[in-house]
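Reader: I should be grateful for a close look at one single part of this structure. Could the account begin with the chain as a whole and then stay with that part?

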Amino acid sequence: LPANFLLELYDAEKMELKSQVTNKVPIFEVSNIDPGVSIKLYLYAENAKGTSDPAIIDDSVPNQQKHFVEGVTDFKAVKDSSTSDAPSSSSSLPLIISSVGGVFILCASTLCIIITCRRKKTRSNRDKVLLSQNPDGT
């Protein structure tokens, strides 16, 4: 389904809406943010089925890990990593590599079996043709 993305920027202390931006991709540029003012970002995805729960980035919480939101399309990816249920990308890398390797080996094995079967069939057909040409077997 085609989706639109909505970013709402709030003054974190007053909870006053400062900016609202929509885009077809989850990449946003927001200007005119006052330095030193704590902000809160709410990121929503919207499609024909409805609007998602917001992914919230709160700059007013001290010692919160900073987020890079550009290009994020998964709601869980925007959450603070300390509360995320998803495994980190570094721990999933060996799983991805081994999965790709397994698929490659499976495809190569299947290809070898197909080639072997075709060769046997071709030899069998060639032998039948030779036998039919020489009925005495010589």
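Author: Two residues are in contact when heavy atoms of theirs lie within 4.5 Å. Among the contacts in this chain with a separation of 6 or more, 38% are between residues 24 or more positions apart. The model is predicted, so local features are taken only at pLDDT of at least 70 and side-chain atom pairs only at pLDDT 80 or more, whereas totals for chains, interfaces and linings use all residues. Residues are numbered from 1 along each chain as its sequence is written, and side-chain values use heavy atoms, without hydrogens and water.

The chain holds two helices and five strands (DSSP runs numbered from the N terminus: H or I of at least four residues for helices, E of at least two for strands). Their order from the N terminus is β-β-β-β-β-α-α. Of the 138 residues, 17% are buried (under 20% relative accessible area; exposed is over 50%, partly exposed in between; 1.4 Å probe, protein chains only).

The part chosen here is strand β1, residues 4-11. Seven of the eight residues of β1 are buried, and the strand is thus mostly covered. Strand β1 pairs with two others (a pair needs at least two DSSP bridges). With β3, residues 39-47, β1 shares eight bridges, and the two run antiparallel; here Glu8 faces Tyr42 of β3. With β2, residues 16-23, β1 shares seven bridges, again antiparallel, and Asp11 is opposite Glu16. Four residues lie between the strands in the hairpin of β1 and β2, where Met15 has a positive phi near 50°.

What aromatic pair does a search of the whole structure find? One such pair turns up (ring centres of Phe, Tyr or the six-membered ring of Trp within 6.5 Å; planes under 30 degrees apart are stacked, over 60 edge-to-face, the rest tilted). Tyr10 and Tyr42 form the pair, edge-to-face, with 5.3 Å from centre to centre and 75° between the planes. Tyr10 belongs to β1 and Tyr42 to β3, 32 residues apart, and the pair thereby links distant parts of the chain. Both Tyr10 and Tyr42 are buried.

Strand β1 also takes part in the largest nonpolar core (buried Ala, Val, Leu, Ile, Met, Phe, Trp, Tyr and Cys joined through side-chain atoms within 4.5 Å). The seven residues of this core are Leu7, Leu9, Ile39, Leu41, Leu43, Ala55 and Ile57. Two or more of them come from each of β1, β3 and β5 (55-58), and β3 gives the most, with three. In soluble globular proteins, nonpolar side chains tend to be buried together. Beyond its neighbours within four places in sequence, Leu9 has contacts that include Leu17, Val30, Ile33, Ile39 and Leu41, and also the charged residues Glu16, Lys18 and Lys40.

These last three residues lead to the salt bridges, of which the whole structure has two (a side-chain nitrogen of Lys or Arg within 4 Å of a carboxyl oxygen of Asp or Glu). Glu16 and Lys18 form one, with 3.1 Å from N to O. Glu16 is partly exposed at 38% relative accessible area, and Lys18 is partly exposed at 45%. Lys40 and Asp58 form a salt bridge with their closest N and O atoms 3.7 Å apart. Lys40 lies in β3 and Asp58 in β5, 18 residues apart. Lys40 counts as buried at 18%, and Asp58 is buried at 13%.
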